[in-house]
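Here is a short walk through one protein model, written for a reader who likes to have the coordinates open alongside. Please keep the viewer at hand and follow the residues as they come up.

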Amino acid sequence: MHGPSHTEPTEPRGGEQARPRVGLADAVTALRLPLAAGFVLAGDPLTRLALLAAAGASDLVDGAVARRVGGSRIGPVLDPICDRLFMAATFLVVAVEGGLAFVEVLGVLVRDIFTSAAFFAGLLRHRRGVVPAKASGKAVTLAQLLTLGAFLLRTPLVHPMAWLTTAIALYALYDYNRAVRALQARGRAGGT
């Protein structure tokens with residue numbers, strides 16, 4: 001779930017301090033946390049489908065709000081965290097209910113697992129540079145949502161969708177790695 005402006009973090013700039021620490025878009029982003037909890041607790045597929053639609057809508061709305069009223073300093077960090085937690089919770093349900101095998105769930109979430117690990121490793125190293133959202137990452141998110149939809153609608157497409165999502169996620173990781181290397185090269189060039 002990557003809305004355009006709100007979720008395309010960049011390296012801090014001189015005007016970074018002019019943005020508020022927390023904004024209205026962040027409140028919309030944070031809605032994905034109770035929606036994730038609701039997805040886990042809901043017993044029927046239709047309620048879960050409504051919660052999934054609400055989470056997708058919140059991702060579109062937070063981006064629109066951020067573009068209209070301006071983003072915040074916490075938005076580029078909060079948005080991917082809420083996205084990853086929502087996906088982890090929903091695919092935990094899929095795994096527990098036997099909708100996908102463990103290896104399929106792992107494949108669907110491989111991008112999220114590795115980018116989350118890289119994000120937290122960067123925090124531990126006190127590096128603030130963040131890789132901007134990429135089209136490949138948005139494609140993974142869309143494929144994850146479609147895989148969840150296939151699970152909720154109990155279609156036989158859930159397994160092919162999971163493997164397609166895995167393939168897209170692996171490409172997104174490759175794309176993410178290229179972006180990280182480019183960011184590091186710019187940092188080294190700027191530091192000399």
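The report below goes from the overall fold to salt bridges, aromatic pairs and a few backbone details.

**Overall fold**

Please keep in mind that this is a predicted model. The protein has 8 helices and 0 strands, and reading along the sequence gives the pattern α-α-α-α-α-α-α-α. Of its 192 residues, 41% count as buried. Among contacts between residues at least 6 apart in sequence, 83% join residues at least 24 apart. The accessible surface comes to about 10,200 Å², and carbon and sulfur atoms account for 69% of that area.

Helix H4 is a good one to inspect by eye. H4 has 22 residues and reaches 31 Å from its first C-alpha to its last, close to the 32 Å expected at 1.5 Å a residue. After H4 comes Gly-98, with a positive phi near 75°.

**Salt bridges**

The whole structure holds 9 salt bridges. Three of them are set out here, with the distance between N and O.

| Acidic residue | Basic residue | N to O distance |
|---|---|---|
| Asp-59 | Arg-32 | 3.5 Å |
| Asp-62 | Arg-32 | 3.3 Å |
| Asp-112 | Arg-111 | 2.6 Å |

Arg-32 is worth a closer look. Asp-59 belongs to helix H3 (residues 45-69) and Arg-32 to helix H2, so their salt bridge ties together parts that are 27 residues apart in sequence. Asp-62 is in helix H3 as well and Arg-32 in helix H2, so this pair ties together parts 30 residues apart in sequence. Asp-59 and Arg-32 are buried, and Asp-62 is buried too. What network do these residues belong to? Salt bridges that share partners join Arg-32, Asp-59, Asp-62, Asp-79 and Asp-83 into one network. As for the last pair in the table, Asp-112 and Arg-111 are both buried.

**Aromatic pairs**

The structure holds 2 aromatic pairs. In one of them, the ring centres of Phe-39 and Phe-86 are 6.4 Å apart and the planes meet at 70°, so the pair is edge-to-face. This pair links distant parts of the chain, with Phe-39 in helix H2 (residues 32-41) and Phe-86 in helix H4 (residues 75-96), 47 residues apart. Are these two rings buried or exposed? Both Phe-39 and Phe-86 are buried.

Tyr-171 and Tyr-174 form a tilted pair, with 6.0 Å from centre to centre and 45° between the planes. These two tyrosines both lie in helix H8 (residues 158-191), 3 residues apart, or about one turn of the helix. Tyr-171 counts as partly exposed because its relative accessibility is 43%, and Tyr-174 counts as partly exposed because its value is 47%.

**Charges over rings, and an unusual phi**

Phe-39 has a further partner: the charged end of Arg-48 sits over the Phe-39 ring, 5.5 Å from its centre. Likewise, the charged end of Arg-154 sits over the ring of Phe-151, 4.8 Å from its centre.

Arg-154 is found in the loop between helix H7 (135-152) and H8. What is the phi of Arg-154? Its phi is near 55°, a positive value in a residue other than glycine. For context, most residues other than glycine have a negative phi.

How values were computed. Residues numbered from 1 in each chain as written. Predicted model: local features only at pLDDT ≥ 70, side-chain atom pairs only at ≥ 80, totals over all residues. Heavy atoms only, no water. Phe/Tyr/Trp six-rings, centres within 6.5 Å; stacked < 30°, edge-to-face > 60°. Helix = DSSP H or I, 4+ residues; strand = E, 2+ residues; numbered from the N terminus. Buried < 20%, exposed > 50% of the residue type's maximum accessible area, 1.4 Å probe, protein only. Lys NZ or Arg CZ within 6 Å of the ring centre and 35° of its normal. Expected span 1.5 Å × (residues − 1). Contact = heavy atoms within 4.5 Å. Areas by Shrake-Rupley, 256 points an atom, 1.4 Å probe, with all protein chains shown as cover. Salt bridge = Lys/Arg side-chain N within 4 Å of Asp/Glu carboxyl O.
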